[in-house]
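This report describes the fold of one protein chain, then some of its helices, and finally its pockets. The model under discussion is predicted.

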Amino acid sequence: MNIGVSTSCFYPLETEIALENLGKAGVKRVEIFFNALLECKPAFVDLLQDIQEHYSMQVTSLHPTMSLAESFMIFSAYDRRYDEAEEQYRRYGEIAAQLGAKYIIMHGGKPNGVLSDEEYCERYLRIKNAVRREGAIVLQENVVRFRAGEVEFLRAMCELLGDEAEFCLDLKQCLRAGYRPMELVEEFLPHIRHFHISDHSPSSDCLLPGDGGFDFPSFFDYLNSRGFSGTQIIEVYNNCYEKYDEIYNSYYKLLNK
């Protein structure tokens, strides 16, 4: 399987230092989580590219810093804010092209948003088309307390958009929304392009892979049997470990599953 690690695992460590940590540890697939708008400036992206190339890393995906503002910026009734958000996403598309990333991850709108399902999907498709011109694909993530955290909305996206409904499935977010991860994997795999993976136990819904009871070998076998060729990115919070080595050990254990 294609296993990688997100720089977000190191938050609040600066993005470029987190990326270099992964490079030094020999991690070859990464997701870059942007944490400030200044990190979109050309000089900073050039720095990230220098680190990427020095350690021969593949950047599979980007996570914009505007995630918490997407409901307000993209999925509101005020068109001028949408226009600004689209320009920001175009910039992430340019960054994705420079770093070779295929996907950009979107949290999307909140459940109390003013747009109908049809209007939401129209906005999502507009953002997708803006970024597609740069060669990247916007993926909707199933984040709890966001609209796409509910399985009914994911189904609505699939019905309204068909193959244009493309998802990043986060295992811990499945649990936080009250779903068994494999239920959503089995139902939505034709629309899933990318995974955020973590482990869990009865006492915690977010652990490093290998520290809980999730059956990763069976998970990988299931994906292989259905021809899934995307990447599984380890994404956990910094309260899940005490030392960075625990992240790297988890990564290498998964590579050997």
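Eight strands close into a barrel, and they follow one another in the order β1-β2-β3-β4-β5-β6-β7-β10, with parallel pairing. From one strand to the next the twist averages 30°. Helix α1 (residues 15-24) packs on this sheet, where it touches β1 (2-6) and β2 (29-33), and its direction makes about 170° with that of β2.

Within the barrel, β3 and strand β4 (residues 103-106) run parallel and are joined by two bridges. Leu-62 has Ile-104 as its bridge partner in β4. In general, the strands of a sheet pair through backbone hydrogen bonds, in either a parallel or an antiparallel manner. Strand β4 also meets a helix, since helix α5 (residues 117-132) lies across β4 and β5 (137-141) and runs at about 145° to β5.

**Buried positions in the helices**

Ile-104, the bridge partner of Leu-62, reappears among the contacts of Gly-93, a residue of helix α4 (residues 79-99). Leaving out residues up to four places away in sequence, Gly-93 touches Ile-104, Val-131 and Glu-134. Is Gly-93 buried or exposed? Its relative accessibility is 0%, and because buried means under 20%, Gly-93 counts as buried. Between the C-alpha atoms of Gly-93 and Asn-2, which stand 91 residues apart along the chain, the separation is 23 Å.

Ser-250, in helix α10 (residues 244-255), has a relative accessible area of 3% and is therefore buried as well. Not counting its neighbours within four places in sequence, Ser-250 is in contact with Leu-208, Pro-209 and Ile-234.

In helix α6 (residues 151-161), the buried residues are Val-151, Phe-153, Leu-154, Ala-156, Met-157, Cys-158 and Leu-161. These buried residues of α6 pack against two strands and two helices, namely β5, β6 (167-170), α5 and α8 (181-188). Just after α6 comes Gly-162, which takes a positive phi of about 60°.

**Pockets**

The two pockets described here are set side by side in the table, with the classes of their lining residues.

| Pocket | Volume | Lining residues | Nonpolar | Polar | Charged |
|---|---|---|---|---|---|
| Largest | about 590 Å³ | 25 residues | 11 residues | eight residues | six residues |
| Second largest | about 260 Å³ | 19 residues | six residues | nine residues | four residues |

For the largest pocket, with its space of about 590 Å³, the lining residues closest to the centre are Phe-33, Leu-68, His-107, Glu-235 and Tyr-237. Which element gives the largest share of the lining of the largest pocket? That share, three residues, comes from helix α7 (residues 171-176).

In the second largest pocket, the lining residues that lie nearest the centre are Lys-102, Tyr-103, Arg-193, Ser-229 and Gly-230. At least two residues of the lining of this second largest pocket are supplied by each of β3 (58-63) and β7 (192-197), and both of these strands belong to the barrel order given above.

Note on methods
Residues numbered from 1 in each chain as written. Predicted model: local features only at pLDDT ≥ 70, side-chain atom pairs only at ≥ 80, totals over all residues. Heavy atoms only, no water. 1 Å grid on protein atoms, 1.4 Å probe; cavity = no way out; pocket = protein on both sides within 12 Å on 5 of 7 lines; lining within 4 Å. Points joined across faces, edges and corners; volume = space filled by probe spheres on them. Helix = DSSP H or I, 4+ residues; strand = E, 2+ residues; numbered from the N terminus. Nonpolar A, V, L, I, M, F, W, Y, C, P; charged D, E, K, R; others polar. Buried < 20%, exposed > 50% of the residue type's maximum accessible area, 1.4 Å probe, protein only. Contact = heavy atoms within 4.5 Å. Pairing = 2+ DSSP bridges. Axes fitted to C-alpha atoms, helices over the stretch in contact; angles between N-to-C directions.
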